[in-house]
Amino acid sequence: MVKITLDRITKKFGKFTALNNITLEIEDKEFMALLGPSGSGKSTLLYTIAGIYKPTSGKIYFDERDVTEVPPKDRNVGLVFQNWALYPHMKVFKNIAFPLELKKAPKEEIEKKVREVAKMLHIDHLLDRYPWQLSGGQQQRVAIARALVKEPDVLLLDEPLSNLDALLRLEVRAELKRLQKELGITAVYVTHDQAEALAMADRIAIIKDGNILQVGDPDEVYYKPMYKFVAGFLGSPPMNFVEAEVEGDMLRIYHSRIPIPKQYGEIIKKLNITEVLFGFRPHDAEIVRGEAEGIKGEIYSFEPLGREQIITVAVDSDVFVKVFAPEEEHFRFGEKVTIVPREDRVILFDKKTEKALEYL
Amino acid sequence: MRDVETRPKKGEWIIVFTILFASLPLILGFALLVISSFSRDMVTNLSLSSFRPTIENWINVFQGKLAITGGIRQNILKITLNTLVVALGVSGTVTLISTLAGYSLSRIKFKGRKLMMLLLLMLHAFPGVALIVGVYLLYRLTFPQEPSFVRLYSFFYVILARAALEIPMSVWLMKGFFDTIPWELEWSGIIDGASRIKVWRQIMLPLIKPGILAVALFGFLAGWQDLIYVRTFLIDQTLATFIEANIEAEYSHMPLIAAAGTLYLLPTIIFFLTAQQLLLQSYSGGIKG
């Protein structure tokens, strides 16, 4: 129940810079996802907020309070680890009660609070077991209960779902989101799974190599990516990128020519740019048999998914794009097709900086 | 315990037989000792005719009668107690110091940590016998003036000196055990509000019980078996020095010494049998899919 302000945080491990000058504000009661590939520094950032790591430079504020030098126990944060880090020698009750016992809370209060939080997470029938007697999903609930029992101001989650199987993950995802809003707790959620971030977070910060590339709500980062990396990281399958050359009012894409999307006409003229990356999402394009105005290619492969299918089209000998098509349509290998991207959803990136043209 | 169930079973009996054959001298030695202790004459000549069963040796040992004739008496119970004090003292000292030091070396960054680990390893390589002159000098220098303290002091000194020999290896062993515990457990404890010493006590120690037990066991055995240090520094006798002192005495009745030797073996065996149960039992890790 605080607002977290990260002010120019840099963290170095020896010569390696894990976090590079990160500035980020996480609003009170907000669910913020830190999204990035492994090794991007997202967990380091989380541990810096928790106080396990101290930033090499920069400041951390909880509301107005400078907590940069404050040890973890005085920050009032709860942390759920990727492997849940339950104490194997303690029963579930003791695991959850541990933070309260350390605070020397009276016995009745501990008892009451543990039962309360256990009930909230539907693990009240498991209190008498050891962690190794529980399933993965149950262990994870215990870990969340332990983080919540001391009523922290901030809940930090380090890939808490990545050790669960796919079905359970979907279930917990919805529940966790609901829980965070009910408790009105400020939450920071580290994940490498873009679907999790999109599904749960109020805002997403995409991190790569210790830098924050973009911060925004799920719609914003999904539909208005600032970088090719962001566009390619979000969505499954990710956004397609093909090289394109500007030729007057047209874009040459391998063996096809299509008009420059309207929203980019002015920008291209202004920037006087010739080489761009043409980006479109698999569901923002149609696939048409034979020749039409669009990107020509031939069917390389198709993967039915039940409701729809993913078609892989070879635009050139080793350039492939993926497009969704309705399940009823049946294609043959090698069939000539044309991809017609939805013009208003197309995003052009600068080839050198890999930044979207409108942000150049 | 599980094993690969499809391993080839063909040549297994050859291996078992070889192992048995190789350990035969050892088994035979212990067997002869135990059998002799129940016999009027030693059976170490491997002749069955010298085995004349009796429990007299054991009765004599407990009564402290060293020779069948003559009136030389020793209080064996007190000697056993002395041995126990030294063994438990060494065990306790080694365990306490090595769990603390092992934790620090494994988990806390400080200057000279690497050097310290290297020196510990070097220290372990020094044979205890080689150090004995220096250790004796220290013993004389710190020897108390007050005569009534002398015996207590000698206990204190021998425990510390003997423990010092065990500590380097034990610290390494404990460090290894602490290294296997994931950092997340420690971080989790710290975030929950525990101090480092509480993390050590309440989270780490219960998780490395098998390691603690191993170190305690080795410490106990070191103290129980030690001859040289005990003989040099301890004014009282332990079982080891008692056997050593009487084995060559002209009045000594060998089967009686065999009984004392068997007595000397017993705690080791009991300790091992109970400890191995605990050693084998370790927590299955926290992660389950």
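Let's begin with confidence: across chain B of this predicted model, the mean pLDDT is 86, and 92% of the residues score at least 70. One stretch needs care, since residues 282-289 of chain B have a pLDDT below 50. That stretch still has 19 contacts in the model beyond near neighbours in sequence. Where pLDDT is low, the coordinates of a prediction are not to be read in detail. For the model as a whole, the scores are ipTM 0.85 and pTM 0.82.

Now let's look at the architecture of chain B. Its secondary structure consists of 13 helices and zero strands, so if you follow chain B from the N terminus you will meet α elements, written α-α-α-α-α-α-α-α-α-α-α-α-α. The C-alpha trace of chain B spans about 70 × 70 × 30 Å along its principal axes. Of the 289 residues in chain B, 31% count as buried. Sequence separation adds to the picture: take the contacts in chain B between residues at least 6 apart in sequence, and 73% of them join residues at least 24 apart.

One helix pair in chain B is worth a visit. Helix 7 of chain B covers residues 150-179 and helix 10 of chain B covers residues 209-225; their axes come within 10 Å and cross at roughly 165°. Because angles over 145 degrees count as roughly antiparallel, that is how helix 7 of chain B and helix 10 of chain B are oriented to each other. The crossing of helix 7 of chain B past helix 10 of chain B is right-handed.

Which residues in helix 7 of chain B and helix 10 of chain B meet? From helix 7 of chain B come R162(B), A163(B), E166(B), S170(B), L173(B), M174(B) and F177(B). Facing them in helix 10 of chain B are G211(B), A214(B), V215(B), F218(B), G219(B), A222(B) and G223(B). By class, the residues of this contact are eight nonpolar, four polar and two charged.

Finally, let's turn to where the two chains touch. Chain A brings 24 residues to the contact and chain B brings 19 residues. On the chain A side, the elements giving two or more residues are strand 6 (77-80), helix 2 (92-102) and helix 4 (136-148) of chain A. Helix 2 of chain A gives the most to this side, with three residues. As for the chemistry, the side of chain A that touches chain B has 16 nonpolar residues, along with five polar and three charged ones.

Definitions and conventions: Residues numbered from 1 in each chain as written. Chains lettered and ligands numbered in written order. Predicted model: local features only at pLDDT ≥ 70, side-chain atom pairs only at ≥ 80, totals over all residues. Contact = placed C-beta atoms within 7 Å. Helix = DSSP H or I, 4+ residues; strand = E, 2+ residues; numbered from the N terminus. Nonpolar A, V, L, I, M, F, W, Y, C, P; charged D, E, K, R; others polar. Buried ≥ 20, exposed ≤ 12 C-beta atoms within 10 Å, placed from the backbone. pLDDT = per-residue confidence, 0-100. Axes fitted to C-alpha atoms, helices over the stretch in contact; angles between N-to-C directions. Parallel < 35°, antiparallel > 145°, perpendicular 65-115°, else oblique. Left-handed = near helix turned anticlockwise from the far one by under 90°.
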